[in-house]
Amino acid sequence: MARTIIKSENFNAYFGKNHVVKNVNIEIPRNNVVAVMGPSGCGKTTYLRCINRMHELIEGASSSGKMLLNNEDVYDMHPIFTRLKIGMVFQRPNPFPNLSIFENVIAGYTLNGIKMPKSEKEKIVEDSLTKSALWKEVKDSLHKKGTFLSGGQQQRLCIARAIAMRPEVLLLDEPTSALDPISTSSIEELLHELKNNFTLIIVTHNMQQAARVSDKTAFFYMGELVEYEDTKLMFTNPKDSRTQNYITGRFG
Amino acid sequence: MNVKIKYRVFKSKLIQVLIIALAFVCTLPLIAILVYIFKQGITKINWAFLTQLPKPVGEEGGGIVNALVGSVLIVFFASLIAIPISILCGVYLSENKNGKVAYWARLAVDVLQGVPSIVIGIAVYFWVVKPMGTFSAFSGSIALAVMMLPIMIRSTEETLKMIPDSLKEAGYALGLPYHKVILRVILPCSISGILSGILLSVARIAGETAPLLFTAFGNPYLNTNMGKPMQSLPLLIFNYATSPYDEWHDLAWGAALILLFTVLLLNIFTKLITKRWHVQL
Amino acid sequence: MDNKNSSRRSHRQIKAEGFFRTTLFSIALLMIVLVLGVFVTLVVQSVPSLKSLGAKYLWDQTWDPVNNVYGALPFLLGTLLTSFIALVISIPFSFAIAVFLGEYNPQGWLSNFLKSTVELIAAVPSVIYGFWGLLVLVPIVRDFETKFDILPYGIGIFTSSLILAIMIIPYAASMGREMIKMVPSSLKEGAYSLGATRFEVIKMIVIPYTKSGLFAGILLSLGRALGETMAVTMVIGNTSLMPTSIFAPGNTMASVIANEFTEADHTLYLSALIELALVLFVVTVIINMIGKRIIKSYTND
């Protein structure tokens with residue numbers, strides 16, 4: 001298997017005429033955690049949402065350039081296909097309120113009309129919840145609705161739901177910014193485990209988080225990919241002055 | 001897998017087309033009614049039509065002046081009754097967000113909005129027509145006023161809720177007493193919102209027939225005395241349309257055209273005003 | 001400042017303030033009294049019929065005022081039939097409009113056009129619907145009935161259900177649209193990110209989320225249908241007999257009241273009609289209140 005799983009070539013994204021992601025060239029290695037950071041409005045979330053083609057759901061949004069998953073351009077296949085291979089976890093936990101915990105985890109299959117015997121469903125649910133460190137806490141209330149869960153648990157439920165689809169890549173859009181510090185650290189621990197089975201790309205505005213969880217970090221500024229480096233190197237010896245300024249807190 | 005996805009996407013698009021089709025089919029009856037009434041009614045409208053009384057059966061021609069004048073008078077007096085009551089009630093409700101009386105009054109307004117118009121006509125019959133001993137335009141106005149109240153009270157309350165408290169405080173700070181703060185400071189700011197409530201309810205009741213059946217009752221002659229039965233456009237349309245006489249059908253078409261287009265114009269006009277109001281705020 | 005003058009002025013002002021506040025309070029009370037008054041009037045006027053006809057009034061089939069025999073079943077049945085058939089016909093259309101305006105196309109000139117049209121449908125006076133129905137729809141239905149070997153009355157329960165259906169579409173449609181717009185986009189995004197198509201998002205996320213709101217909209221349409229008088233009375237046939245089929249003439253509670261109220265020359269006759277009005281009042285109020293309760297719970301969520 002090739003080392004690189006996701007590769008962007010001259011990738012641009014627009015909101016109408018607004019050029020918000022400029023000429024990004026990046027290679028994401030398999031089974032890594034890559035943090036994407038930068039000040040507000042730098043295009044990091046937009047770039048992330050382009051990877052699984054959520055960006056184009058917004059009216060007037062467009063993009064250009066290549067976004068390759070295992071050397072296949074994601075924009076050449078049907079977006080549904082893309083999203084089956086690249087999962088997403090959002091900033092605010094969004095479990096489906098009308099479904100039970102069990103149904104939430106398996107929701108990807110239900111929505112896609114994929115039928116399978118009950119035993120297989122149960123296996124997937126247990127496996128996903130275990131991988132997202134939620135199984136012990138909910139295994140006795142699988143058929144209750146998820147509304148009684150805390151924010152951190154709800155987010156782990158959303159992670160379980162995303163990884164139940166066995167995607168190759170998991171995109172996380174500021175997954176802990178709406179959570180308390182304890183839930184945040186439990187999710188950060190989780191990311192460490194998850195990278196064994198998945199490649200994770202996490203957008204964060206929290207530098208310390210990026211330093212804690214990621215193998216490589218990409219620094220975005222005003223729509224451009226300014227610097228992309230092994231995390232340790234980036235934080236100890238940034239090459240670009242803009243990176244330096246951001247890390248030392250001079251802006252953003 | 002690819003085939004299944006293609007099928008799902010196709011199904012999604014198909015349903016989208018179906019939904020759009022169903023939605024726009026609904027515009028057809030409206031267009032049909034507008035066109036048909038316009039066609040039938042436009043030839044009947046002329047100066048004689050607008051200024052003469054209906055002729056007895058068998059005679060050609062005639063007009064609907066009694067209904068035109070009657071409608072205007074009944075609606076005018078209904079508004080006269082309903083507007084002050086609903087503004088004051090709207091003020092009370094927006095000033096007293098909690099409180100038992102406000103809760104029950106709000107509930108009463110909600111209930112009133114759902115009462116069928118014919119039931120209101122019956123109630124007013126027993127309250128006004130029977131004691132007066134006669135059908136009257138006045139009782140008709142009361143019935144229509146009762147129907148106007150929920151709409152106007154709600155729009156007044158909503159408008160007033162949007163006015164920031166700081167405006168009231170400015171009034172108090174200038175030494176104004178409560179009633180002046182409300183009447184001279186708050187209400188003038190809410191004019192367009194209240195106005196749109198008034199227009200909406202006028203448009204609503206101008207076409208109402210049922211509440212007038214046992215109150216204003218109708219009158220083949222021109223009558224401007226509010227204490228006596230009076231004709232109105234919807235009543236005339238109802239009576240003449242269900243009659244077996246062709247001449248009366250003709251009158252009904254002309255009347256229907258006038259009524260329909262007045263009501264629609266009022267609605268469109270109200271929307272234009274509300275839009276302007278929204279921009280201002 | 002002249003003390004005497006200013007204290008006189010503030011006395012007057014305090015009095016005026018008090019008067020104003022009392023007026024406001026009394027108007028609020030007036031509303032409560034008004035509604036209670038309607039209810040009490042209906043009850044009081046129904047007493048003669050409640051007393052002498054009792055409960056069987058509601059399921060007796062014979063309505064014969066000439067012989068002082070009263071049975072309300074034909075009208076109850078007529079009301080139920082017309083309202084429910086109208087609901088069934090109108091629901092797919094209301095639903096389509098709600099989904100189109102709430103989900104597929106919430107903005108733009110096309111949706112403004114549809115929105116305005118739907119509002120205008122609600123604005124057309126019911127007597128005009130009745131008039132158009134009588135002279136345009138009835139002949140069409142008559143032709144249809146002739147083709148299918150049904151007695152070609154033209155007028156009847158089916159025709160009035162058709163007109164009623166058109167008239168009540170806006171109510172469920174606008175309520176449904178409001179509810180559908182309230183679905184949080186994060187939920188929809190979650191579903192899209194799992195690979196769902198637009199239809200799947202609507203079917204599995206939007207609809208379950210808005211289920212009770214959509215139901216409240218249907219209740220609103222139903223309440224409107226039950227109380228509609230003029231359009232129905234002009235095309236339903238106004239017979240006092242039990243309807244023999246949905247293509248036969250019939251009558252509804254509101255319609256029979258409209259037709260026979262002024263002819264009711266004796267107390268029992270009038271009282272029987274008022275009792276129908278009382279039933280109408282209670283049923284429509286209950287349905288509307290349930291609908292409003294459901295909506296309140298949505299907006300408080």
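The radius of gyration used here is taken over C-alpha atoms, and the globule rule sets it against 2.2 Å times the number of residues to the power 0.38. The structure in these exercises is a predicted model.

**Exercise 1. Work out how the radius of gyration of chain A stands against that of a compact globule.**

Solution. Begin with the length of the chain: for 252 residues, a compact globule would have a radius of gyration near 18 Å. Next, take the value for chain A, which is 18 Å and therefore agrees with the rule. To complete the picture, note that chain A contains eleven helices and ten strands, and that its C-alpha atoms fill a box of roughly 55 × 40 × 35 Å along the principal axes.

**Exercise 2. Describe the secondary structure of chain B, and decide whether the chain is compact or spread out when judged by the globule rule.**

Solution. First count the elements: chain B has 13 helices and zero strands, so that, read along the sequence, its pattern is α-α-α-α-α-α-α-α-α-α-α-α-α. Then compare the radii: the globule rule gives 19 Å for 281 residues, whereas chain B has a radius of gyration of 24 Å, which is well over that figure, and so chain B is more spread out than a compact globule. The box filled by its C-alpha atoms, taken along the principal axes, is roughly 75 × 70 × 35 Å. Finally, look at the domain assignment, which divides chain B into domain 1 (2-34) and domain 2 (47-280), with 39 Å between the centres of these two domains over C-alpha atoms.

**Exercise 3. Determine how helices H5 and H7 of chain B are oriented towards each other, and which residues bring them together.**

Solution. Start with the geometry: the axes of H5(B) (residues 100-114) and H7(B) (residues 137-161) come within 8 Å and cross at roughly 135°. That angle makes H5(B) oblique to H7(B), because an angle has to be over 145 degrees to count as roughly antiparallel. The crossing of the two helices is left-handed. Now turn to the residues: from H5(B) come B:Val109, B:Leu112 and B:Gln113, and they meet B:Leu149, B:Pro150, B:Ile153 and B:Arg154 of H7(B). Sorted by class, the residues of this contact are five nonpolar, one polar and one charged.

**Exercise 4. Analyse the contact between chains B and C, and then examine one helix pair, H2(B) and H4(C), that packs across it.**

Solution. At the level of whole chains, 64 residues of chain C are in contact with 66 residues of chain B. Helix H1 (residues 3-53) of chain C gives the most to chain C's side, with 19 residues, and that side as a whole holds 46 nonpolar, 13 polar and five charged residues. For the helix pair, H2(B) (residues 27-42) and H4(C) (residues 126-147) pack at an angle of about 80°, their axes lying 11 Å apart, and the two helices are therefore roughly perpendicular to each other. Here B:Ile33, B:Tyr36 and B:Ile37 meet C:Ile128, C:Trp132 and C:Val136, and the contact divides into six nonpolar, no polar and no charged residues.

**Exercise 5. Describe how the two domains of chain C are placed and how they touch.**

Solution. The domain assignment gives domain 1 (3-53) and domain 2 (57-300) in chain C, and the C-alpha centres of these domains lie 35 Å apart. Their contact takes ten residues from domain 1 and eleven residues from domain 2. On the side of domain 1, these residues comprise six nonpolar, four polar and no charged.

Notes
Residues numbered from 1 in each chain as written. Chains lettered and ligands numbered in written order. Predicted model: local features only at pLDDT ≥ 70, side-chain atom pairs only at ≥ 80, totals over all residues. Domains from an automatic or database assignment. Contact = placed C-beta atoms within 7 Å. Nonpolar A, V, L, I, M, F, W, Y, C, P; charged D, E, K, R; others polar. Axes fitted to C-alpha atoms, helices over the stretch in contact; angles between N-to-C directions. Helix = DSSP H or I, 4+ residues; strand = E, 2+ residues; numbered from the N terminus. Parallel < 35°, antiparallel > 145°, perpendicular 65-115°, else oblique. Left-handed = near helix turned anticlockwise from the far one by under 90°.
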